Amino acid sequence: MWDGKEQAIFPASNNERSVKYGNRSFELQMNTMGWDIKDEHYQTWKRNIGSGFSAPQRKAAPDNFGNYKNKGKMKLKSTAVYGETIFWKSK
């Protein structure tokens with residue numbers, strides 16, 4: 001899996017499952033899947049996104065969403081960052 005800049009601009013305090021970014025709506029992965037980003041990936045992603053970066057390094061999903069039963073879990077683990085894109089493996 002992968003995500004782009006749109007995932008990086010929302011802070012941990014945002015618990016919405018679906019958000020608008022520009023003309024698009026998308027699932028906010030930190031809130032539906034939960035994530036855990038390795039230190040080196042977090043620093044690289046933050047540097048590559050620049051101002052406006054607000055994503056937490058770790059966040060458990062605050063609620064279940066649709067068929068996801070992830071409340072309290074961090075299902076996504078970072079594997080790499082290229083440019084403004086972060087790549088995940090699902091646990």
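**Close-up views of a predicted model**

**View 1. The largest nonpolar core of this predicted model.** Let us start inside: this core has 18 residues, and those with the most contacts within it are Trp35, Ile37, Trp45 and Phe53. Helix H2 and strands E6 and E7 each supply at least two residues of the core. Of these contributions, the one from H2 is the most, at three residues.

**View 2. The surroundings of isoleucine 37.** Neighbours within four places in sequence are set aside here. Beyond them, Ile37 is in contact with Tyr42, Trp45, Pro56, Gln57, Arg58, Ser78, Ile86 and Trp88.

**View 3. An open sheet of five strands, with helix H2 packed on it.** Reading across the sheet, the order is E1-E7-E6-E4-E5, and the pairing is mixed. E1 (2–3) and E5 (58–59) stand at the edges; each has a single partner strand, so one side of each is left without a neighbour in the sheet. Helix H2 (residues 39–49) touches E4, E5, E6 and E7 (85–90), and its direction makes about 50 degrees with that of E6.

**View 4. The pairing of strands E4 and E6.** Here E4 (residues 35–36) meets E6 (residues 76–82) in the parallel sense, over two bridges. Look for tryptophan 35, which stands opposite leucine 76 in E6.

**View 5. The hairpin of strands E2 and E3.** E2 (residues 18–21) and E3 (residues 24–27) run antiparallel and are joined by four bridges. Tyrosine 21 stands opposite arginine 24 in E3. Two residues lie between the strands, and in this turn glycine 22 has a positive phi of about 65 degrees.

Definitions and conventions: Residues numbered from 1 in each chain as written. Predicted model: local features only at pLDDT ≥ 70, side-chain atom pairs only at ≥ 80, totals over all residues. Heavy atoms only, no water. Pairing = 2+ DSSP bridges. Contact = heavy atoms within 4.5 Å. Axes fitted to C-alpha atoms, helices over the stretch in contact; angles between N-to-C directions. Core = buried A, V, L, I, M, F, W, Y, C linked by side-chain atoms within 4.5 Å. Buried < 20%, exposed > 50% of the residue type's maximum accessible area, 1.4 Å probe, protein only.
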